[in-house]
Amino acid sequence: MNAECKHLAEADAQKQPNTNGCEECLKSGDSWVHLRVCLTCGHVGCCDSSKNKHATKHFHRTKHPVVRSDEPGERWAWCYVDELFIEDLE
Ligand SMILES: [Zn+2]
Ligand SMILES: [Zn+2]
Ligand SMILES: [Zn+2]
């Protein structure tokens with residue numbers, strides 16, 4: 001099922017988050033709803049339910065394709081390029 005996404009194969013599922021919260025929101029003092037970690041560079045951004053949507057903005061700026069959830073107990077990832085939901089990240 002994940003075979004169509006070559007980005008995930010190239011991404012680092014063990015990538016550690018760079019910051020303890022959304023990088024841009026921490027700078028501006030904003031709040032967020034959920035966090036996403038970029039599996040290319042470790043950037044932490046807020047989700048699309050957050051007003052600033054920094055995770056999606058990070059993709060548009062950098063073209064880094066895959067993020068994972070940074071919520072405790074969640075193991076899914078999302079490829080922006082293929083718009084593919086990966087349910088169980090290894
Ligand atoms: Zn992909
Ligand atoms: Zn943010
Ligand atoms: Zn990135």
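Residues count as buried when their relative accessible area is under 20%, and the legends below apply that cut-off to a predicted model.

**View 1. Burial of two donor residues, His7 and Cys79, at the site of the zinc ion (ligand 1).** Both His7 and Cys79 are buried by this criterion, and each of them contributes a donor atom to the zinc ion (ligand 1), His7 through ND1 and Cys79 through SG.

**View 2. Coordination of the zinc ion (ligand 1) by Cys5, His7, Cys79 and Asp82.** The donor atoms of these residues, SG of Cys5, ND1 of His7, SG of Cys79 and OD of Asp82, lie 2.0 to 2.3 Å from the ion. The four donor atoms form angles of 102 to 122° with one another, and the site is tetrahedral. Along the sequence, the donor residues follow the spacing C-x1-H-x71-C-x2-D. Because His7 belongs to helix α1 (residues 6–10) and Cys79 to strand β4 (residues 77–79), this pair ties together parts that are 72 residues apart in sequence.

**View 3. Coordination of the zinc ion (ligand 3) by Cys38, Cys41, His58 and His64.** Here the ion is coordinated at 2.0 to 2.3 Å by SG of Cys38, SG of Cys41, NE2 of His58 and ND1 of His64. The arrangement is tetrahedral because the four donor atoms around the zinc ion (ligand 3) subtend angles of 105 to 113°. The donors are spaced C-x2-C-x16-H-x5-H along the chain. Distant parts of the chain are linked by Cys38, in strand β1 (residues 35–38), and His64, in the loop between α3 (54–62) and β3 (66–69), which lie 26 residues apart.

**View 4. Cys38 as a buried donor of the zinc ion (ligand 3).** Cys38 has a relative accessibility of 1% and therefore counts as buried.

Methods:
Residues numbered from 1 in each chain as written. Chains lettered and ligands numbered in written order. Predicted model: local features only at pLDDT ≥ 70, side-chain atom pairs only at ≥ 80, totals over all residues. Heavy atoms only, no water. Donors = N, O, S within 2.8 Å, 3.2 Å for Na, K, Ca; no water. Tetrahedral: all angles 85-135°; square planar, octahedral: opposite > 155°, others 65-115°. Helix = DSSP H or I, 4+ residues; strand = E, 2+ residues; numbered from the N terminus. Buried < 20%, exposed > 50% of the residue type's maximum accessible area, 1.4 Å probe, protein only.
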